[in-house]
Each structure stands twice: as structure tokens, then as C-alpha cells.
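Please look through the structure shown here with an eye to its charged side chains, and to how they pair with one another.

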Amino acid sequence: MPMVVGVRFKRACKVYDFDCSGLELKQGDTVIVEVERGLGLGTVAYNPINADTNPARKLKKVVRKADAVDIERNGFNTERENEAFRICREKIVQYKLPMKLIRVEYMFDSSKAIFYFTSDTRVDFRELVKDLAAGFHTRIEMRQIGVRDEAKMIGGLGPCGRELCCSGFLSDFEPVTIKMAKDQNLALNPVKISGICGRLMCCLSYEHAMYRGEKKGGSGCGGGGCGKPTPPANDLPQEGAS
């Protein structure tokens with residue numbers, strides 16, 4: 001029976017299961033793990049456990065605990081990300097592309113750089129990719145994201161004065177509907193019930209189950225609240241997972 005540990009690659013992102021057999025790990029340790037076509041650096045989210053796994057589901061392995069060299073390399077990647085962000089933004093202006101660059105992320109082993117952007121239209125960035133690949137000598141991926149992902153990456157403060165839930169602890173975006181606001185007798189003013197991303201606030205779902213239960217005459221059940229994280233997912237990380 002393999003020992004399984006949960007690893008998180010970034011704050012407020014999904015937790016993925018890895019096989020850590022033969023390693024002594026604890027929550028908070030920084031580790032090097034196998035990902036698609038390379039290595040990744042992450043943080044142990046929960047202590048190792050004995051787990052019955054489906055034989056058809058082959059877990060990636062934790063390679064080792066991160067050492068000083070690995071931490072230094074991660075810092076070097078951060079510097080490269082900042083440089084790539086600046087250069088890419090200049091190229092976007094040069095080519096007059098209708099896109100907004102949000103973040104650049106290097107894989108731990110520098111095998112690929114992912115450029116996250118938003119755009120309202122289809123963007124032909126073939127020339128941009130050629131320039132970036134020639135300048136950084138690595139594989140380039142341009143990944144378009146939505147406004148909710150943009151808010152999660154950039155962060156900020158919500159109308160409540162607290163850090164945005166999506167950038168603070170939410171690992172996934174749950175569906176939020178206008179009916180949730182109606183069930184809670186909230187004023188249907190878009191300014192009041194929308195987050196900085198322009199979409200309905202994620203927190204509308206936190207207490208919706210309780211209000212719905214009260215309306216049906218039951219005791220209801222609280223749906224959590226700010227600071228209650230979403231249960232970890234056990235999906236296998238894909239290349240460039242964030």
C-alpha cells in the first residue's frame with residue numbers, strides 16, 4: 001500500500017496526490033515532484049497517509065525534499081518571470097495585439113514558460129511566440145484566461161475589506177447564480193453583489209444552503225464562510241498546472 005501525500009503548487013490552488021513511499025515528509029515541507037514532462041516544486045498540504053489507490057491510476061512520485069539549490073533555482077525562475085513579463089508586454093505593444101498580459105510562469109526545470117493573458121477577441125500571436133521563443137530559448141505557451149482567473153492571479157481586496165476569497169483560499173470556482181442572492185433577500189444591485197472581476201461574488205454561495213433550508217422550514221445547514229477552504233481535489237497535475 002503506497003504512502004500518499006497532498007502537494008499544492010501555489011497558494012489557493014488544487015491539492016494533488018503523489019506517491020511519497022520511502023520519504024519522511026510532513027505538512028509544510030517543500031518538495032520536488034514529477035509532473036508531465038519535467039519536475040515541479042510544491043508544498044506538502046497534508047501529512048502522508050496510507051491510501052488504497054486504483055491500480056489503473058498511477059500516481060506521480062515525490063522525487064525528494066527541496067534543498068537550498070532548489071530554492072535558489074526557484075528564486076532565479078521568479079526573476080526570469082519578471083523579465084519575461086516586461087519583455088512580453090513591450091512586444092504586445094509593438095505588435096499592437098488586443099490582449100492584456102496577466103502573469104508569466106516558468107516550469108521549475110525551465111522547460112517551458114506559460115504566458116497568461118486576457119482578451120475579448122481572438123488574438124493572432126504567432127509572431128509574438130516566435131520572438132519569445134528566440135529570446136528565452138524555451139517552449140512558449142500562451143494561455144488565455146477569464147476575468148475570474150485574472151482576479152485570482154492578481155489578488156486584491158473585496159467590498160468586505162478582506163483579501164479576495166479566490167486568491168486567498170478558494171481552489172476552485174463554484175457556480176454562483178442570481179437565485180442565490182434572491183434566496184438571501186439581497187438587493188439585486190449589480191454593484192453590491194458583484195466582485196472586482198465583474199462577476200457575482202463567490203461568497204454568495206457560502207450561506208445559501210442555510211437560507212434555502214430556512215425557507216423550506218428546515219434547520220438548514222451553513223455552507224461555510226470566509227476562510228473555509230474547498231476540500232482538496234485529487235486530480236493529477238497537468239503540465240504547467242497552477
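In this predicted model, D124 is partly exposed, with a relative accessible area of 47%, and D124 takes part in a salt bridge with R126, where the closest N and O atoms lie 2.8 Å apart. Its partner R126 is exposed, at a relative accessible area of 58%, a value that counts as exposed because the cut-off for that class is over 50%. Side chains of opposite charge can pair in this way when their charged atoms come close.

R126 is also where helix α2 begins, since that helix covers residues 126-136. Within helix α2, E127 and K130 lie three residues apart, which is about one turn of the helix, and their side chains meet in a salt bridge with an N to O distance of 3.6 Å. Of these two, E127 counts as partly exposed at 42% relative accessibility, whereas K130 counts as exposed at 53%.

Another pair reaches from this helix to a different part of the chain: D131 forms a salt bridge with K91, and the closest N and O atoms are 3.7 Å apart. Because D131 lies in helix α2 and K91 in helix α1, which spans residues 68-95, the pair ties together parts that are 40 residues apart in sequence. Both ends of this bridge count as partly exposed, D131 at 26% relative accessibility and K91 at 23%.

The pairs described so far are among the 15 salt bridges that a search of the whole structure finds.

Definitions and conventions:
Residues numbered from 1 in each chain as written. Predicted model: local features only at pLDDT ≥ 70, side-chain atom pairs only at ≥ 80, totals over all residues. Heavy atoms only, no water. Salt bridge = Lys/Arg side-chain N within 4 Å of Asp/Glu carboxyl O. Helix = DSSP H or I, 4+ residues; strand = E, 2+ residues; numbered from the N terminus. Buried < 20%, exposed > 50% of the residue type's maximum accessible area, 1.4 Å probe, protein only.
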